[in-house]
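Visitor: I would like a close look at a single part of this structure, namely the metal site and what surrounds it. Please take it slowly, and connect one detail to the next.

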Amino acid sequence: MRHTTLTDGSPVTPDHREIDPRTGQQKAYVVLSAEERAKGFVRPVRTSYVHEKCGSTTTMGQALAETYARDPSFYSGTFCCRCRAHFPVGADGEFLWTGTQEKVGT
Ligand SMILES: [Zn+2]
């Protein structure tokens, strides 16, 4: 099992997936630990993506972006700031990296 933390580097909590009704976002998000991310990236570090369904761009923090770059299949879904909900990523997912035709999570 690879070492994971929350985005601020703190330990993963059992309730981190709880949705905040004000934002639609999870209470917190899991990332690969800084040590794990430092082992190297297999994709560029990209901090924004487009939701194909609504056309909106969502940006994310550095730790999340680096986790995608280290392990593109780490997440099964991600958040859209316009739809205020999570949708699938991957080859059959709903998101493209900004300015590309490349699916998030591939
Ligand atoms: Zn959307």
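Guide: C80 is a good place to begin, since this cysteine is buried, with a relative accessible area of 0%. The model is a predicted one, and every value that follows is computed from it. C80 offers its SG atom to a zinc ion, which is also coordinated by H51 through ND1, by C54 through SG and by C83 through SG, at 2.0 to 2.3 Å. The four donor atoms subtend angles of 105 to 113° around the zinc ion, and the arrangement is therefore tetrahedral; the rule behind that word asks that all angles between four donors lie between 85 and 135 degrees.

Along the chain, the donor residues of the zinc ion follow the spacing H-x2-C-x25-C-x2-C. C54 sits in the loop between β3 (48-51) and β4 (57-59), whereas C80 belongs to strand β5, so this pair ties together parts that are 26 residues apart in sequence. The cysteine donors can also be compared with the surface in mind: C54 counts as partly exposed because its relative accessibility is 23%, and C83 likewise counts as partly exposed, at 33%, while C80 is buried at 0%. With several cysteines at one site, a biochemist may wish to know about disulfides as well, and the count comes to zero; the rule there requires a pair of cysteine sulfur atoms within 2.5 Å.

The residue numbered just after C83 deserves a moment. R84 is found in the loop between β5 (77-80) and β6 (85-88), and its phi is near 55°, a positive value in a residue other than glycine. Most residues other than glycine have a negative phi. R84 counts as exposed because its relative accessibility is 51%, and exposed here means over 50%. The C-alpha atoms of R84 and R43, which are 41 residues apart along the chain, are separated by 26 Å.

From the histidine donor, a contact leads to another strand. H51 and L96 are 45 residues apart in sequence, yet their C-alpha atoms are 6.7 Å apart in space. L96 has its place in strand β7 (residues 95-97), and at 11% relative accessibility L96 counts as buried. In the loop between β6 and β7 lies G90, which also counts as buried, at 10% relative accessibility. G90 and T106 are 16 residues apart in sequence, and 5.3 Å separates them in space, C-alpha to C-alpha.

Strand β5, which holds C80, leads on to the largest pocket as well. This pocket has a volume of about 460 Å³, and 19 residues line it, with Q26, Y29, L64, Y75 and G77 lying nearest its centre. The elements that give two or more residues to this lining are β4, α2 (62-70) and β5, and β5 provides the largest share, three residues. By character, the lining residues divide into nine nonpolar, nine polar and one charged.

One further pairing, elsewhere in the chain, completes the tour. L32 is found in strand β2 (residues 30-32) and counts as buried at 0% relative accessibility. The C-alpha atoms of L32 and H3 are separated by 6.2 Å, although the two residues are 29 residues apart along the chain.

To return to the part you asked about, the zinc ion is held by H51, C54, C80 and C83, in an arrangement that is tetrahedral.

Methods. Residues are numbered from 1 along each chain as its sequence is written. This is a predicted model: local features need pLDDT of at least 70, side-chain atom pairs count only at pLDDT 80 or more; totals for chains, interfaces and linings use all residues. Side-chain values use heavy atoms; hydrogens and water are left out. Helices (H or I, at least four residues) and strands (E, at least two) are DSSP runs, numbered from the N terminus. Buried means under 20% relative accessible area, exposed over 50%, partly exposed in between (1.4 Å probe, protein chains only). Donors are N, O and S atoms within 2.8 Å of the metal (3.2 Å for Na, K and Ca); water is not among the atoms, so sites may look incomplete. Four donors count as tetrahedral if all angles lie between 85 and 135 degrees; four count as square planar and six as octahedral if opposite donors are over 155 degrees apart and all others between 65 and 115; anything else is irregular. On a 1 Å grid over the protein atoms alone, a cavity is a set of points where a 1.4 Å probe fits but cannot get out, and a pocket is an open set with protein on both sides within 12 Å along at least five of seven lines; lining residues have an atom within 4 Å of a point. Grid points are joined across faces, edges and corners, and a volume is the space filled by probe spheres set on the points. Ala, Val, Leu, Ile, Met, Phe, Trp, Tyr, Cys and Pro count as nonpolar, Asp, Glu, Lys and Arg as charged, and the others, Gly among them, as polar.
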